[in-house]
Amino acid sequence: MLEVKGLSVSYGKHHALQRVDLRVDVGELVVILGANGAGKSSLLRALGGMQKPQPGAEVRLDTQDLLAMPAHRIVEAGLSLVPEGRGVFPDLTVMENLKLGAYTPRARQSERANHERVLELFPRLGERLGQRVGTMSGGEQQMVAVGRAIMSAPQILLLDEPSLGLSPIMSLDLFRAIERIRELGVGVLMVEQNANLSLRIADRGYLLETGRVVGQGLAAELRDDPEVQRAYLGSH
Ligand code: ATP
């Protein structure tokens, strides 16, 4: 289980995230909704070790203290981040990108099984293992990014706006794959602009406003909440 307590991030005098508490259980899909600038990326980047939080926070994956670790050790501990913009290597092939995901000793032990898993999740990648990623469509590149994270054998997967820039059909395909990743027992924490689609597949959600958690609940409850519908689901 990922457990976060009192997480704050500041950029100079700007408080992007203020004392955020949240948790993600094994095999649970949790979505974070929030307007532009609410602090969603700052939250994921802090959890992934890419952004130093303010002192006083606690971030634990089971018994492991993630805040004491540099980013590569966090991956080794079982938490992988797919950043906004994907972070794939465009000049390398699909196969090379996937292999890079399995760089930790723990992931190398299960490299073959994870590779099979990625091809089951994204059969299209199997047909294109030798293709340079820079020549692929946005949706295919997102598959590579998620696939690379799966190669690191995560217990918790963080996804920052995975459907950004994808067509509706591609988004649906990707969301189906994310549901299957949850069924593998991985906990998924996802930031999404597509509130409608993400609340349909999520178990729970948190609402983030100007750096604070202002609401949380079961995804089904949030979907039915008139305030949430007005603010995030485009209803009037
Ligand atoms: P979006 O949906 O637009 O990506 P977000 O919810 O992910 O937004 P963040 O990217 O976490 O929000 O940004 C939160 C706030 O912190 C914003 O006001 C942003 O301008 C500010 N911010 C983010 N990164 C930096 C940085 N490196 N330096 C200064 N301010 C930053």
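## Close-up views of a predicted model

**View 1. Thr93 sits in the loop between strand 6 (79–82) and helix 3 (94–101).** Helices (H or I, at least four residues) and strands (E, at least two) are DSSP runs, numbered from the N terminus. The model is predicted: local features need pLDDT of at least 70, side-chain atom pairs count only at pLDDT 80 or more, and totals for chains, interfaces and linings use all residues. Residues are numbered from 1 along each chain as its sequence is written, and side-chain values use heavy atoms, with hydrogens and water left out. Is Thr93 buried or exposed? Thr93 counts as buried because its relative accessibility is 18%. Buried means under 20% relative accessible area, exposed over 50%, and partly exposed in between (1.4 Å probe, protein chains only). In sequence, Thr93 and Arg132 are 39 residues apart; in space, 4.1 Å separate them, C-alpha to C-alpha. Beyond its neighbours within four places in sequence, Thr93 is in contact with Leu129, Gly130, Gln131, Arg132 and Val133. Contact means heavy atoms within 4.5 Å.

**View 2. Four strands form an open sheet in the order 2-1-4-5, with antiparallel pairing.** Two strands pair if DSSP finds at least two bridges between them. Strand 2 (14–24) and strand 5 (64–65) are the edges, each pairing on one side only. Strand 1 (residues 2–11) runs antiparallel to strand 2, joined by 7 bridges. Here Tyr11 stands opposite His14 of strand 2. Helix 1 (residues 40–47) packs on the sheet and touches strand 1, strand 2 and strand 4 (58–61). The direction of helix 1 makes about 115 degrees with that of strand 1. Such angles run from 0 to 180 degrees between N-to-C directions; axes are lines fitted to C-alpha atoms, for helices over the stretch in contact.

**View 3. Side chains alternate along strand 4.** Val59 and Leu61 point to one face and are buried. Glu58 and Arg60 point to the other and are not buried. Strand 1 meets strand 4 through 4 antiparallel bridges. Lys5 has Glu58 as its bridge partner in strand 4. Another 2 bridges join strand 4 to strand 5, also antiparallel. Leu61 stands opposite Gln64 in strand 5. The two strands, 4 and 5, form a hairpin with 2 residues between them. In its turn, Asp62 has a positive phi of about 55 degrees.

**View 4. Strand 9 (residues 204–209) is mostly covered, with 5 of its 6 residues buried.** Strand 3 (residues 29–34) runs parallel to strand 9, and 5 bridges join them. Val30 stands opposite Arg204 of strand 9. Strand 10 (residues 212–218) pairs with strand 9 in the antiparallel sense, over 6 bridges. There, Arg204 stands opposite Leu218 of strand 10. Strands 9 and 10 make a hairpin with 2 residues between them. Thr210, in the turn, has a positive phi of about 35 degrees.

**View 5. Helix 7 (residues 138–151) packs with helix 8 (residues 168–183).** The angle is about 10 degrees, and the axes lie 10 Å apart. The two helices are therefore roughly parallel. Angles under 35 degrees count as roughly parallel, over 145 as roughly antiparallel, 65 to 115 as roughly perpendicular, and the rest as oblique. Helix 7 contributes Gly139, Glu140, Gln142, Met143, Val146 and Ile150 to the contact, and helix 8 contributes Met170, Leu174 and Ile181. These contact residues divide into 6 nonpolar, 2 polar and 1 charged. Ala, Val, Leu, Ile, Met, Phe, Trp, Tyr, Cys and Pro count as nonpolar; Asp, Glu, Lys and Arg as charged; the others, Gly among them, as polar.

**View 6. The largest nonpolar core has 45 residues.** A nonpolar core is a set of buried Ala, Val, Leu, Ile, Met, Phe, Trp, Tyr and Cys residues joined through side-chain atoms within 4.5 Å. Phe122, Leu157, Ile178 and Met190 have the most contacts inside it. Helix 7 supplies the largest share of this core, 7 residues. Not counting residues up to four places away in sequence, Ile178 touches Leu29, Leu159, Pro162, Val188, Met190 and Ile201. Another core, of 29 residues, lies apart from the largest one. Leu7, Leu44, Ala46 and Leu189 are among its members.

**View 7. Ser198 lies in helix 9 (residues 195–201).** Ser198 counts as buried because its relative accessibility is 0%. Leaving aside neighbours within four places in sequence, Ser198 is in contact with Val31, Leu33, Phe175, Met190 and Glu192.
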